[in-house]
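Here are my notes on the ligand site, set out as numbered points. Please read them with the model open.

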Amino acid sequence: MRIAKLELPTPFAIAPMAGMTDTAFRRLVKRHGGCGLVVTEMVSSEGMVRGIDRTLEYAEYTEEERPISIQVFGGDPGTMASAAQIVEGMGADIVDVNMGCPVPKIAKHHAGCSLMREPHHAAQVIAAMTRAVKIPVTVKMRAGWNDEDRNAPTLARMVEDAGAAAVAVHGRTAEQSYSGSADWDLVARIADQLTIPVFGSGDCLEPEQVMNRLRSGVDGVLVGRGVLRNPWILSQAADLAAGRPMREVTLADRGQFLLDYIDLLMNERVREPEGFRHGAVVTAGNAPRTSHDRWVINKVRALGSWYTKGLDNGSHLRTAINSAESLNHLRDTIGTFFCAVPA
Ligand SMILES: Cc1cc2nc3c(=O)[nH]c(=O)nc-3n(C[C@H](O)[C@H](O)[C@H](O)COP(=O)(O)O)c2cc1C
């Protein structure tokens, strides 16, 4: 599929997930195949424009992740346009706008899903951004703010008119948060109405579901929690799409993924050759080793809470990961769990 002039290798993408889809995780998923697009965690437009180091780090990516979309949030058209220029200057392929985040901290600043309550303002934000950059500007929204206002079909048309190159719709309202189920009929209706590509998002935990959703009429599928549970899901969906037998994932593969994730995180912001990472000019401080280890352990714990779901004895692994106090302990825990259980 394509977004403007950008050809995506497959119609399957890693959905943006704050705190989860960091560059290390995205690279590993990408290496397993089937991934047509990766989207960063959401990044504050205000923080970008003010040059806050921590904010800019969230937007960093590596060459192997292409095509890459950097998602920004904010509600001020001028600031969002400037953030889009920073994203373009970083060499990203797409700048995506978050209109789906229901978290009050974000929504109260006229950002995230609260933009869906002010569709004319939301369209102005997109118009300002599309005027400011040449790369495609895309929008990720929900079904609406609440059940009384499921206005995604109207807003999708408005942002298309304002110059958006694609939209993604998570078929739940902000009020629903993650309860109930995603309304894929609504998503398919929007795909039918628009001329730009429409991605659907929500509740694809198995590769077969990803394929079924693609067949429902959307141009592409963004997979969120399903990738955190099974990082091979996009490659398995691509197998199904190509009529190949789906690749099998062994317990050893699953263990290796976590070990590889630790290794990549250990190398984050250290020992990388110049030019390896595309980022705004930021000098990341040299954190003491112990605090870097602590950060890695916390990242693995966060992934572990999703990754262990649906595994036999997954709750034991989750508890063990959460109580590991050192990286060696963490590696031993993972090694023991994934090798000791008979395949
Ligand atoms: C932990 C977590 C963090 C998320 N962060 C973002 C985000 O930063 N930006 C965004 O547009 N959506 C975010 N989402 C929503 C997902 O992109 C996705 O649309 C939603 O989870 C539904 O898809 P799923 O059922 O495949 O997970 C997040 C979801 C989760 C579970």
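1. Which backbone N or O atom lies 2.6 Å from an oxygen atom of the ligand? That atom belongs to Asp203. Bear in mind throughout that this is a predicted model.

2. Two further polar contacts to the ligand are worth checking on screen. The side chain of Lys140 places an N or O atom 2.9 Å from a ligand oxygen. At Gly224 the partner is a polar backbone atom, again 2.9 Å from an oxygen atom of the ligand. As for cover, the ligand taken alone exposes 600 Å², and the protein buries 89% of that.

3. The shell around the ligand consists of 16 residues, of which Pro16, Gln71, Ser201, Asp203 and Arg225 are the closest. Sorted by class, this shell holds seven nonpolar, six polar and three charged residues.

4. The ligand occupies the largest pocket of the model. The volume of that pocket is about 620 Å³. Its lining comprises 29 residues, and those closest to the pocket centre are Pro16, Met17, Lys140, Arg142 and Tyr178. Three elements each give two or more residues to the lining: strand β9 (137-144), strand β12 (220-223) and helix α10 (225-229).

5. On the character of the pocket wall, the lining of the largest pocket counts 17 nonpolar, eight polar and four charged residues. Two names recur between the lists above and deserve a look together. Pro16 is among the residues closest to the ligand and also among those closest to the pocket centre. Lys140, with its side-chain contact to a ligand oxygen, is likewise one of the residues closest to the centre of the largest pocket.

Conventions
Residues are numbered from 1 along each chain as its sequence is written. This is a predicted model: local features need pLDDT of at least 70, side-chain atom pairs count only at pLDDT 80 or more; totals for chains, interfaces and linings use all residues. Side-chain values use heavy atoms; hydrogens and water are left out. A residue is near a molecule or strand if one of its heavy atoms lies within 4 Å of it. A polar contact is a pair of N or O atoms within 3.5 Å; within protein, one must be able to donate a hydrogen and the other to accept it, and residues adjacent in sequence count only if both atoms are side-chain atoms. Accessible areas come from the Shrake-Rupley method with a 1.4 Å probe; for residues, only the protein chains shown count as cover. On a 1 Å grid over the protein atoms alone, a cavity is a set of points where a 1.4 Å probe fits but cannot get out, and a pocket is an open set with protein on both sides within 12 Å along at least five of seven lines; lining residues have an atom within 4 Å of a point. A molecule sits in a cavity or pocket if more than half of its atoms lie within 2 Å of its grid points. Ala, Val, Leu, Ile, Met, Phe, Trp, Tyr, Cys and Pro count as nonpolar, Asp, Glu, Lys and Arg as charged, and the others, Gly among them, as polar. Grid points are joined across faces, edges and corners, and a volume is the space filled by probe spheres set on the points. Helices (H or I, at least four residues) and strands (E, at least two) are DSSP runs, numbered from the N terminus.
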